[in-house]
Amino acid sequence: MTTVIDGKVAAASVIEAVKVAAAGLETETGVKTGLAVVIVGDDPASHAYVNSKSKMAKECGFKSVQHTLPAETTQEALASLVASLNEDPSIHGILVQLPLPKHLDADPIIQSIRPDKDVDGLHVVNAGKLATGDLETGLISCTPAGAMLLVRRIHGDDLSGLNAVVIGRSNLFGKPMAQLLLNANATVTTAHSRTKDLASVSRGADILVAAVGRPEMVKADWIKPGATVIDVGINRIAAPERGEGKSRLVGDVAYAEASDVAAAITPVPGGVGPMTIAMLMANTVIAAHRTAGKQPPKF
């Protein structure tokens, strides 16, 4: 029987631990964990994400601040807001929702967030700490951190002797995911669109992580029998069988056929997705503990 890795259950247990940690910190030190989310423009998907993040922060007992800026906001105005949040002692985590409107340059904004408040884990200081194996003082990008937690639920903390293949090399996911697997002693291959014979590279994986943004690209014959498959893709495809103009969400893995081969697999939706917001909350409460000079919780 294939194990379906339930991200909702895993995320709920992380959120419970966050609530306990946040309440404990406030009782002990009077410090209320604070998260500020900044959104520019009116992209409906971004607004849905931001609302769910703000709602979850409140649920965790955080001070939750949302800055909704008009689409025509200038680079200078956005930079000024981030600078003021950097200086605000009641805010421990700052998140600028991406993508930004086209006239804004995201990278200098992200790099202007103080690394200790960069709960998205995208600052070069945090990326560098992860790359050098420092998992204790930096903040790890939320989606890879969540995916790694799901891997650990199947394989434990030590991946010695296991081959891992990550399909995708983005700064947002592929690179940090490879670093986390490497840090857990897996033997890691980073594959991508230029990899020769991607299917045969994938077949060598005991742990296969797909993050390419191509619907159902990874087929059953790409998967080693008994492998663990982590599907990070979220793609919307037409679903005429549901009615005219209807669509459905699928991952980067052809789930139905892959389930016959893999020993454990994440579904889409309900796999890695819920972990992202959970790990964002975890990063924020970790940042608050560090600021207060307390030992942060482990997730």
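Student: Which residue of β4 does Leu-35 stand opposite?

Tutor: Pairing between strands can be read residue by residue. In this predicted model, Leu-35 stands opposite Gly-93 in β4, and the strands concerned, β2 (residues 34-40) and β4, pair in the parallel sense over 4 bridges.

Student: In what order do the strands of the open sheet stand?

Tutor: An order is read from one strand to the next across the sheet. Here 3 strands form an open sheet in the order β3-β2-β4, with parallel pairing, and neighbouring strands are turned by 15° against each other on average when direction is ignored.

Student: Why is one side of β3 and of β4 left without a neighbour in the sheet?

Tutor: β3 (63-69) and β4 (93-96) stand at the edges and each has a single partner strand, so one side of each lacks a neighbour in the sheet.

Student: Which strands does helix α2 lie across, and which does helix α3 lie across?

Tutor: Helix α2 (residues 44-59) lies across β2, β3 and β4 and runs at about 160° to β3, while helix α3 (residues 75-87) lies across β2, β3 and β4 and runs at about 180° to β2.

Student: How do the axes of α6 and α7 cross, and which residues make the contact?

Tutor: For a helix pair, one reads the axes and then the residues. The axes of α6 (residues 142-155) and α7 (residues 174-183) come within 9 Å and cross at roughly 35°, in a right-handed crossing. Pro-144, Ala-145, Ala-147, Met-148 and Val-151 of α6 make the contact with Pro-176, Met-177, Leu-180 and Leu-181 of α7, and these residues divide into 9 nonpolar, no polar and no charged.

Key: Residues are numbered from 1 along each chain as its sequence is written. This is a predicted model: local features need pLDDT of at least 70, side-chain atom pairs count only at pLDDT 80 or more; totals for chains, interfaces and linings use all residues. Side-chain values use heavy atoms; hydrogens and water are left out. Axes are lines fitted to C-alpha atoms, for helices over the stretch in contact, and angles run from 0 to 180 degrees between N-to-C directions. Helices (H or I, at least four residues) and strands (E, at least two) are DSSP runs, numbered from the N terminus. A crossing is left-handed if the near helix is turned anticlockwise from the far one by less than a right angle, and right-handed if clockwise. Contact means heavy atoms within 4.5 Å. Ala, Val, Leu, Ile, Met, Phe, Trp, Tyr, Cys and Pro count as nonpolar, Asp, Glu, Lys and Arg as charged, and the others, Gly among them, as polar. Two strands pair if DSSP finds at least two bridges between them.
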